[in-house]
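Please look over the sequence and the model shown here before reading on. The report moves from the chain as a whole to its sheets, its helix packing and a few individual residues.

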Amino acid sequence: SRPGFGTGRNRVALTLDPLDDASMRPLVEALVPGLPAGVREAIVAQAQGVPLFAVETVRALIDRDVVQPVEGVYRLVGDVGDLEVPDSLHALLAARLDSLPPEIRRLVSDAAVLGTSFPEDAVVAVSGLDAATVREGLGELLRREVLTVSADPLSPERGSYRFAQEMLRQVAYETLSRRDRKARHLAVAAHLRGAFAHDGEEVVDVIAQHYLDALAAVPGDPDEAEIREQAVVALTRTAERAARTGAPGRAGRSYASSAQLRDGDDDVRRAADLWDKAAQSSMAGGDARTTLDYATAAIDRYLQLGDGRAVARTQRHRGRALLRVGRLTEAREVLTGAYETLRDDPTLETLVVLNELAAVENFSGNVDVADRLTSELLLMGEGLAAGPDLMANAFMTRGIFNTVAGRRAEAGVAFREAARLGEQANRSDIVGHTLMNLANVVGVHDPAAALDVTRRAVEPLSRGGDRTLIAVNYGNMVIALLELGEWDEVAAVLDANTPAGALADIEDAIRLAQAQLAALRGDVAGAEALAATLVRRRGSEDPQDLAAVALVDALAAAAAGRSAEALSRAKIGLAHSDEGLGVGADQIRWAWVIAARAAYEVGDSETLAELLSMVDDEMPGRLPPMLRAERDLVRARMAVAAGEPDAGERLNAAVAAMRAMSPPHLLAGGLLDRAEYLMSVGDAAAAAIDVADSKAIGERLGCRPVLDRAAALAADRLAV
């Protein structure tokens, strides 16, 4: 109304820029103290640096009784759900938009359909106005601070316009009639398909969303089938592009959206095929639970068509997903039925199903059955002239069998061949998966080599996109770093690779590793809290899962000084050594060490004898070095307890072996064992050296149990 307002002599114009998130957080916290971090961040994001918006959002929550006064202070008492523009703020923003000239107001509506950020030519295409008129209108919106323009020289969006506030765009969009929304979404989709090469390949996901929004705006229109077909094509292209660029989870979601639209067309065959692709992509991304849903949808539709082979083919996704979540019995039943359907007329589909069935038997510890199936797998692959990708998977499955059977040299050969074939097939997912398994093999005798292999696996696994395998690889990396004494790096790896909004299986793997580190460092409460969250693993049928949670429980009990409980928990884990894990598996070798010390502390000579027999039965070359050293230490402690004359020499030999073969925290335990013995024979000076060495290890590792025991021995020595 008054363009010159605020200008002239003796006047200063102040621009109130949005507050940053660091300033908004305490403001929101002051409004409703004690908000969960996720809720607070959602309100901060909604407000976009405007305190009024934050206040109005909280008021809207009060109106919904989600926030209520408790003892004079507002507290969150319900589920926030989706944050919407509050009515009072909606009215304020709508009034601001209504004050614009009609032609400018129309440009805002066009821009609102384009999204938060958009170039000038897109507004020209959608509005139907000439470029000069659009440019003038956008300039007016900049002046009125409805829009801003990106001036960052490093941003790919430099020169693009964007709404000053997302809420303003949301209100502008909501004021459009449904038919206007539909027309504009279709116009945007057409513009993007023409503006970007290859029918909008680079922004096909955006195009797909505009078609979906157009469908949702006015359902039931005569052109609904045509728009649905365009949306299906765009979503399918989105899925294919996501799969090519290492985002299989996103591909799965896009295929599923496309399949849902096909269901609306009653095109059962095409819908079934899309659900099958959704299941395959979701499994490639490591999301086993979503895979089960997608695969079930595909199977239901193939059953409707009476296509038994297609049902069997899709069952491989269900079987693999069931294996991932530890439901081995169900996985075996599903895959056995599928294999029986496909085996009489074998094709590459038969080979894929057999591979999954053999994997189930591997992880179940059924060595004889796994041996037969993996041998049959390789023979069938050769007979069917399978390509390098399928043969790589077959060799990897055979390598896992060799690992389960204790044939680690053969396992290494199979894994290396699988990696070679994976590279030949240009399949980074297979290469990374194979390296992950190879690290598990070499780590038994050489944690430094295992660490190197896990680091080599990071890049191909990341490109492959299976987030569960990525987490497992970091788990292998953690074990290697723990055994090498690089505990600070363990913490850094876990912190850096805990993704926001992670899948449950990934969070599970990260929490397992965090619990191990917490227990080793003496944070009993933290370890037990993390261990309590491992619900899926505790209900699993997979011996690896069960042994892993037993190990965490044993570590926590040992850190708390509850020796009897530590022994009991460790023995639960050791019971799985006959189920395909063996003494070389990290869960078993670590559990053996805990059980041996705990049995000694509670005076359980019978269990000690059983533990020694367990490792003595292994051939020397198959026994992990750390267990060879720990076995010597156990026998030396027993010699001390029995008062044998050569007990000191045995302790010296055990400590010498531990310096060469043991993780540093176990070496510290051996040094403290020897210090106790030296004090008992009156050699306080030599004992002090061992205590000081163990203390240095404990300080470097941040290992409270070692430091506490060293301090107690030092105090005993001074008292004497």
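What follows is a description of selected features of this structure, which is a predicted model.

## Overall architecture

The predicted chain contains 37 helices and 5 strands, and its C-alpha trace extends over about 105 × 80 × 45 Å along the principal axes. Of its 720 residues, 49% count as buried. When contacts between residues at least 6 apart in sequence are considered, 59% of them join residues that are at least 24 apart.

## Strands and sheets

Strand S1, covering residues 67-70, is joined by 4 bridges to strand S2, covering residues 73-76, and the two run antiparallel. Within this pairing, Val67 stands opposite Leu76 of S2. The hairpin that S1 and S2 form has 2 residues between the strands, and Glu71 in this hairpin adopts a positive phi near 55°.

An open sheet is built from 3 strands in the order S3-S5-S4, with antiparallel pairing. Strand S3 (117-118) and strand S4 (147-149) occupy the edges, where each has a single partner strand, so one side of each remains without a neighbour in the sheet. The link between S3 and strand S5 (residues 161-163) consists of 2 bridges, and these strands run antiparallel; across this link, Phe118 stands opposite Tyr161 in S5.

## Helix packing

Two helix pairs can be described by their geometry and by the residues that meet between them. In the pair formed by helix H5 (residues 102-114) and helix H8 (residues 166-174), the axes come within 8 Å and cross at roughly 105°. Because angles of 65 to 115 degrees count as roughly perpendicular, H5 and H8 are described as roughly perpendicular to each other. The residues that meet are Arg105, Val108, Ala112 and Val113 from H5, and Arg169, Ala172 and Tyr173 from H8.

In the pair formed by helix H6 (residues 120-127) and helix H9 (residues 178-195), the axes come within 9 Å and cross at roughly 130°, and H6 and H9 are therefore oblique to each other. The crossing of H6 and H9 is right-handed. On the H6 side the residues involved are Asp121, Ala122, Ala125 and Val126, which meet Arg184, Val188 and His191 in H9.

## Buried polar residues

Ser563 is located in helix H30, which covers residues 563-574. With a relative accessible area of 17%, Ser563 is buried, because the term applies under 20% relative accessible area. The side chain of Ser563 is joined to that of Glu601 by a polar contact of 2.6 Å. Apart from neighbours within four places in sequence, Ser563 is in contact with Ala598, Glu601 and Val602, and Glu601 is thus named both in this set and in the polar contact.

Arg228 is part of helix H12 (residues 224-244) and, at 13% relative accessibility, also counts as buried. Once residues up to four places away in sequence are set aside, Arg228 touches Leu215, Leu261 and Asp265.

## A partly exposed serine in H23

Ser462 belongs to helix H23, which covers residues 447-464, and its relative accessible area of 40% makes Ser462 partly exposed. Ser462 and Ala247 are separated by 215 residues in sequence, whereas their C-alpha atoms are 9.4 Å apart in space. Not counting residues up to four places away in sequence, Ser462 touches Gly246 and Ile470.

## Positive phi at exposed positions

Which backbone setting does His198 have? His198 shows a positive phi of about 55°, although it is not a glycine. His198 is placed in helix H10 (residues 197-200), and its relative accessible area of 69% makes it exposed.

Ala385, which is likewise a residue other than glycine, has a positive phi near 55°. Ala385 is found in the loop between helix H19 (367-383) and helix H20 (388-404), and Ala385 is exposed, its relative accessible area being 65%.

Note on methods
Residues numbered from 1 in each chain as written. Predicted model: local features only at pLDDT ≥ 70, side-chain atom pairs only at ≥ 80, totals over all residues. Heavy atoms only, no water. Buried < 20%, exposed > 50% of the residue type's maximum accessible area, 1.4 Å probe, protein only. Polar contact = N/O pair within 3.5 Å; in protein donor to acceptor, adjacent residues only side chain to side chain. Contact = heavy atoms within 4.5 Å. Pairing = 2+ DSSP bridges. Axes fitted to C-alpha atoms, helices over the stretch in contact; angles between N-to-C directions. Parallel < 35°, antiparallel > 145°, perpendicular 65-115°, else oblique. Left-handed = near helix turned anticlockwise from the far one by under 90°.
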